[in-house]
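Me: Could you take a close look at one part of this model for me? I'd like to see the whole chain briefly, and then follow that part out to its surroundings.

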Amino acid sequence: AAGWAACALLLALLALTGRAIEVECASGPNPISTRRLAPLLALLSPLLLAFAPTLFLEVPTALALLATFYVWLAAQRASTPARATLLSLLASACATLAFFTKFNYALLGVMGLALDLALRLATCRTGERGCKLRAAAWLLPVPLAALAWWFVLPLPFGAEIAHSHRAAFLGFLLGNLELAHTPWTTRVLHLCGYLAGSPLQALVLGLGLAASLCALRHRALRSAWIVLLALELPVLLHPFHLERFLLPGAPFLLLLAAYGCSRLVERGSVARWCLLAALLLGYVSAPLQLERLAAALGVLPSDPAAKAWAREVFAGWVHPDLRRRNVPTAGLQREELGALLDLLAPAIGSAERVGWPAVPSEVSPLALQLGLVERGRSRAHLSADHERLPFLSIDQADPGLGTEAVLVWAREFDVLVLTDPPDLKGRSGREWLRPHLAAIETSGEWETTRLGVLRFSRGQGEPLEVLIRLARKRR
C-alpha cells in the first residue's frame with residue numbers, strides 16, 4: 001500500500017509540476033502535454049515501480065524534492081508579498097524534510113535551487129529585486145531552526161547527541177569513496193535501461209531534453225535544468241554508482257523530456273502517433289534491446305547459462321506483472337526473505353528480544369523486525385530493540401572480538417538467530433564468525449533448536465542451502 005501511495009503521489013506531483021511549467025511557458029493546447037506525458041514516462045521507467053514499494057530513502061527524498069520544486073515555482077509566480085512569503089516558508093519546509101530524509105540528495109537539490117535564485121536575482125529588474133530578496137529571506141527560518149535543533153541542541157537531549165549527529169553527518173557525506181569504481185558501461189546500462197526503460201525510450205528522452213534546451217528563455221525550464229544538473233552530475237561522476245542513485249533527479253529529467261517532446265509534436269497528429277508508437281515499441285522490446293546494448297558495451301556474458309541469467313534480469317526490469325519485477329539490490333529475493341520470516345516468526349515470542357550475530361548485509365535489522373511485527377510480534381518492542389546493536393558485525397574480517405565480549409553482547413537478547421554457514425551467500429570472508437557462533441552454543445547459557453533448511457540464490461551460481469537454528473536463553 002505504501003508503494004502504491006508513493007507511486008500515486010509522484011505521478012500527481014509530476015502532473016502538477018508539468019502544469020506549472022506549461023503555464024509559465026505559455027504552452028498552447030496539446031493532447032500530449034507536459035502534465036500528461038511526464039507521468040506516462042514515469043510509468044514506463046522501471047525506476048519508479050521497482051523502488052516505490054521498498055524501504056530505500058531515495059523514494060521519499062525524490063517526492064520531497066519534487067514537492068519543493070513545485071512550491072518553489074509557485075513562490076516565484078506569487079502575485080502578492082504575503083503569498084510569496086507563505087510559499088517560501090512551505091518550500092523551505094519541504095526542503096528541510098528532504099534533508100532529514102537523506103542528507104546528500106537534499107544538499108545537491110538545495111544547491112541547485114540556490115543557484116537558480118542567484119540567477120533570478122541577477123537577471124530581474126531593479127525594482128523587483130527588493131521584493132524577491134524579502135521573499136527569499138523567508139526561506140531561511142525553517143531550515144535554520146531545524147538544523148540548530150539537530151546539530152547544536154537537540155532538546156530534550158544534550159550536547160552529546162548533537163555531537164553524534166554532526167559526526168554521523170560528516171561520515172555520511174564522506175562515505176562510499178573507498179568502494180570500487182563503477183565502470184561507465186554499467187552507468188550507460190542504468191541510464192538506458194533502468195531510468196529510460198530501453199535504448200529506444202532513452203533516444204526519445206534525449207530528443208525531448210535537446211528540444212527543451214531550445215526554450216531556456218523560460219525561467220521554469222531553466223530552474224528544472226539547474227536542479228537536474230545539480231542532482232545528477234555528482235551522481236554520475238561519483239566513483240561508486242547504483243541504479244537507485246538516479247531516482248531523486250529522475251522526475252526533473254522526465255519533466256524536461258516531456259516538455260521537449262510535447263513541443264516537438266504539438267503541430268502534427270502524425271508526429272504525436274510516432275512518439276506514442278516509439279514509446280510502446282521501446283517498452284515491448286526492452287529486454288531484446290537491453291541485451292543488444294549489453295553486447296555492444298561488452299558486458300554481456302559469453303557463457304550460455306550466464307547469458308540466459310542476464311536475459312532474465314533484463315526481462316524482470318520491465319515485466320508487466322509488478323510482482324515479478326526484480327529490484328537491483330544486494331538484498332534477498334522477496335520470496336526468500338518471506339520464507340525466512342515465516343520460519344522465524346512462529347518460534348519467536350511476541351515480546352522476546354531478537355539478535356542475529358551473523359546478520360548478512362542482505363537483511364536489514366529493521367526489515368527483520370518489521371517482518372516479525374507483520375507476523376504477530378509486538379510493535380511496542382520495536383524501538384527498544386534498536387537501543388542495542390542486534391548483530392556482531394557485517395565486516396568481511398574479524399574486527400578483533402573476543403569470546404567474552406561476544407557472550408556479553410549475546411546476553412542482551414532473549415533469542416539469537418544462528419545460521420550455518422554463517423553467511424547466507426556463503427562468503428568466505430564471513431567465516432570468522434563461525435567460532436563465535438560455536439562459543440555461544442557451547443557456553444551452556446543457550447538452548448538451541450533446529451528450525452529448518454532454506455535455499456538462498458547467489459546470482460548466477462547454484463542456490464546455497466543454509467541451516468537455520470534458534471538459540472533461546474536458558475532460564
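Reply: Happy to. The protein chain has a radius of gyration of 26 Å, which agrees with the value near 23 Å that a compact globule of 475 residues would have. That radius is taken over C-alpha atoms, and the globule rule is 2.2 Å times the number of residues to the power 0.38. Please keep in mind that this is a predicted model, in which local features need pLDDT of at least 70 and side-chain atom pairs count only at pLDDT 80 or more, while totals for chains, interfaces and linings use all residues. Residues are numbered from 1 along each chain as its sequence is written, and side-chain values use heavy atoms, with hydrogens and water left out.

Along the principal axes, the C-alpha atoms fill a box of roughly 80 × 60 × 40 Å. The chain has 21 helices and four strands, where helices (H or I, at least four residues) and strands (E, at least two) are DSSP runs numbered from the N terminus. Of the 475 residues, 48% count as buried; buried means under 20% relative accessible area, exposed over 50%, and partly exposed in between (1.4 Å probe, protein chains only). The accessible surface comes to about 22,700 Å², and 65% of that belongs to carbon and sulfur atoms. These areas come from the Shrake-Rupley method with a 1.4 Å probe, and for residues only the protein chains shown count as cover. Among contacts with a separation of 6 or more, 75% are between residues 24 or more positions apart; contact means heavy atoms within 4.5 Å.

Now for the close look, at helix α9. Helix α9 covers residues 159–173, and its 15 residues reach 21 Å from first C-alpha to last, close to the 21 Å expected at 1.5 Å a residue. The expected span is 1.5 Å times one less than the number of residues. Which residues of α9 are buried? They are Ala162, His165 and Phe169. These three lie on the same side of α9, because they cover an arc of only 55° around the axis, an arc being that of the directions from the helix axis to the C-beta atoms. The face turned away from that buried side carries the exposed residues Glu160, His163 and Leu170.

What do the buried residues of α9 pack against? Their partners are α5 (81–101), α6 (103–123) and α8 (141–151). Of these partners, α6 is worth a pause: its 21 residues should span 30 Å at 1.5 Å a residue, and its end C-alpha atoms are 30 Å apart, which agrees. The buried residues of α6 include Phe103, Tyr105, Leu108, Leu113, Asp116 and Arg120. The loop between α8 and α9 holds Pro156, and the peptide bond joining Leu155 to Pro156 is cis, with omega about 5°. For background, most peptide bonds are trans.

A second cis bond runs from Asp420 to Pro421, with omega near 5°. Pro421 lies in the loop between β2 and α21 (434–442). Strand β2 itself (residues 415–420) is mostly covered, with five of its six residues buried. Strand β1 (residues 354–355) runs parallel to β2 and is joined to it by two bridges; strands pair if DSSP finds at least two bridges between them. In this pairing, Val354 stands opposite Val415.

From β2 we can step across to Thr448, in strand β3 (residues 446–458). Thr448 and Val417 are 31 residues apart in sequence, with 9.6 Å between their C-alpha atoms. Leaving aside neighbours within four places in sequence, Thr448 is in contact with Glu441, Arg469, Leu470 and Ala471. Thr448 is partly exposed, at a relative accessible area of 30%.

To set α9 beside another helix, consider α4 (residues 58–76): its 19 residues should span 27 Å at 1.5 Å a residue, which agrees with the 27 Å between its end C-alpha atoms. Since 16 of the 19 residues of α4 are buried, α4 is largely enclosed by the rest of the structure. At the start of the chain, Val23 belongs to helix α1 (residues 2–25). The C-alpha atoms of Val23 and Ala220 are 9.5 Å apart, across 197 residues of chain.
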